Amino acid sequence: MEAGIIGLPYIGKTTLFNALTALGVTSDGAANKPNVGVVNVPDPRLATLNQFIETKKIVPAQIQLVDVAGLVAGASEGKGTGNKFLSHVRNVDALLHVVRCFEDTNVPHVNDTIDPIRDVDEVETELLFADLEVVENSLKNAERKARTGDKEAKQRLDLLQLCKDTLENEKPISSLGLNEEQQRSLKSFAMLTAKPVLYVANVGEDDVDGSNPHVTQLREYAEQRGRPVVEVCAKLEAELVELEEDERAEMLEGLGIAEPALNLLARATYKLLGLQSYFTAGEKEIKAWTIPIGATGPQAAGVIHGDFERGFIRVEVFSIEDLEQFKSEQAIKQAGKLRVEGKSYVMQDGDVCHFLFNV
Ligand SMILES: Nc1nc2c(ncn2[C@@H]2O[C@H](COP(=O)(O)OP(=O)(O)O)[C@@H](O)[C@H]2O)c(=O)[nH]1
Ligand SMILES: [Mg+2]
């Protein structure tokens, strides 16, 4: 899975990137070269599995993060560093839109004052313009193809026209509620405003108790638009990122931060994208796999390998609770709790699986 970090300049995007990846980059996500890093998705269930199943290695799920330059009003007309760098986040699954909620006179603000809603609107307007540019550049070609009478080409043209109208009315493409087929048809255009968005409220070091009025404002605004908000203090977390996980969590708690930003953001991103995890666990490795909620057994197997999906026969499943209760897979089986599920099985979050397949 991939997530793009966007927002105005000087709001803590790169600081957040460092807080999450521990890469300590100093380059400010320059226009032609984004910062890219991979983070492990924290999941305590992996350690629980390892309490009962010995293994050589533990492999968490991962999220690739892309940190780009800041957008400013007029970026589509070349202001600031322009908007070409948005190409680096055109193929991500979700956008983490960082919003400055911290006050610090030593850090300049492109609009002088702290005003999360104004900032969000400014960035989102630029995303609309960037998509509009894509649509306008694609229309001629789409019109030519539609004239050949090809049905799919005609549908795609209609869809592009609909996108154009929507964007011109200052609405994101996500507001259209496109069905799966329509989404597929638009996929190659990689529209930014079609992507799920999570707002990251970046608060100051002395302001982590959840009472920051800018965050309250942002939360209200986000709620009206059905978008989640995660509150973090990027600067504090970036300073503590060198510490061991346990020590860091302890330090953060002492500072009034109940959970590290990575945990909060990973969980919120999974929820935003409708994702869940299942596990494979054996002596070679214990591994987390990411699948959409509602995925069937064969679809889950397909995440490991396409052949597993095609040749799927059945899946043996147990839950982590079963493992905690019976202490070993053998004991689960003896207790008659090892389930055998077929092609139509709908996966449950946290299933531990052995797939049987035929290639
Ligand atoms: N006081 C304070 N400064 C912050 C915070 N987050 C980021 N900064 C500072 O803001 C400046 C710009 O941060 P940076 O991450 O480079 O912003 P970007 O342009 O959005 O990537 C840096 O000097 C950071 O140390 C914060 O929570 N509090
Ligand atoms: Mg930056």
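Domain bounds in this text come from an automatic or database domain assignment. The model is predicted.

**Exercise 1. Domains**

Into which domains is the protein chain divided, and how far apart are their centres?

Solution.
1. The division of the protein chain gives domain 1, spanning 2-271, and domain 2, spanning 294-357.
2. Taken over C-alpha atoms, the centres of domain 1 and domain 2 are separated by 33 Å.
3. Four residues from domain 1 and seven residues from domain 2 make up the contact.
4. On the side of domain 1 that touches domain 2, the classes are two nonpolar, one polar and one charged.

**Exercise 2. Helices α3 and α4**

Describe how α3 packs with α4, and decide which term fits their relative direction.

Solution.
1. Two packed helices are described by the angle between their axes and the distance between the axes.
2. For α3 (residues 116-147) and α4 (residues 151-168), the angle is about 150° and the axes are 9 Å apart.
3. Angles over 145 degrees count as roughly antiparallel.
4. Therefore α3 and α4 are roughly antiparallel to each other.
5. The crossing in which α3 passes α4 is left-handed.
6. On the α3 side, the contact residues include L128, L132, V135, L139 and A142, and on the α4 side they include A153, L157, L160, C163 and L167.
7. Sorted by class, the contact of α3 with α4 holds 11 nonpolar, one polar and six charged residues.

**Exercise 3. Helices α3 and α6**

Find the term for the crossing of α3 and α6, and list the residues that make the contact.

Solution.
1. The axes of α3 and α6 (residues 213-224) cross at roughly 50° and come within 9 Å.
2. Angles under 35 degrees count as roughly parallel and those from 65 to 115 as roughly perpendicular, while the rest, apart from those over 145, are oblique.
3. The crossing angle therefore makes α3 oblique to α6.
4. From α3 come P116, I117 and V120; from α6 come H214, Q217, L218 and Y221.
5. This contact of α3 with α6 has five nonpolar and two polar residues, and no charged ones.

**Exercise 4. The shell around ligand 1**

Which residues come nearest to ligand 1, and which helix gives the most to its shell?

Solution.
1. There are 20 residues around ligand 1, and those that come nearest are G12, K13, T14, T15 and K235.
2. At least two residues of the shell are supplied by each of α1 (13-21) and α7 (234-240).
3. The most is given by α1, with three residues.
4. By class, the shell around ligand 1 comprises seven nonpolar, eight polar and five charged residues.

Notes:
Residues are numbered from 1 along each chain as its sequence is written. Chains are lettered from A and ligands numbered from 1 in the order in which they are written. This is a predicted model: local features need pLDDT of at least 70, side-chain atom pairs count only at pLDDT 80 or more; totals for chains, interfaces and linings use all residues. Axes are lines fitted to C-alpha atoms, for helices over the stretch in contact, and angles run from 0 to 180 degrees between N-to-C directions. Helices (H or I, at least four residues) and strands (E, at least two) are DSSP runs, numbered from the N terminus. A crossing is left-handed if the near helix is turned anticlockwise from the far one by less than a right angle, and right-handed if clockwise. Two residues are in contact if their C-beta atoms, placed from the backbone, lie within 7 Å. Ala, Val, Leu, Ile, Met, Phe, Trp, Tyr, Cys and Pro count as nonpolar, Asp, Glu, Lys and Arg as charged, and the others, Gly among them, as polar. A residue is near a molecule or strand if its C-beta atom, placed from the backbone, lies within 6 Å of it.
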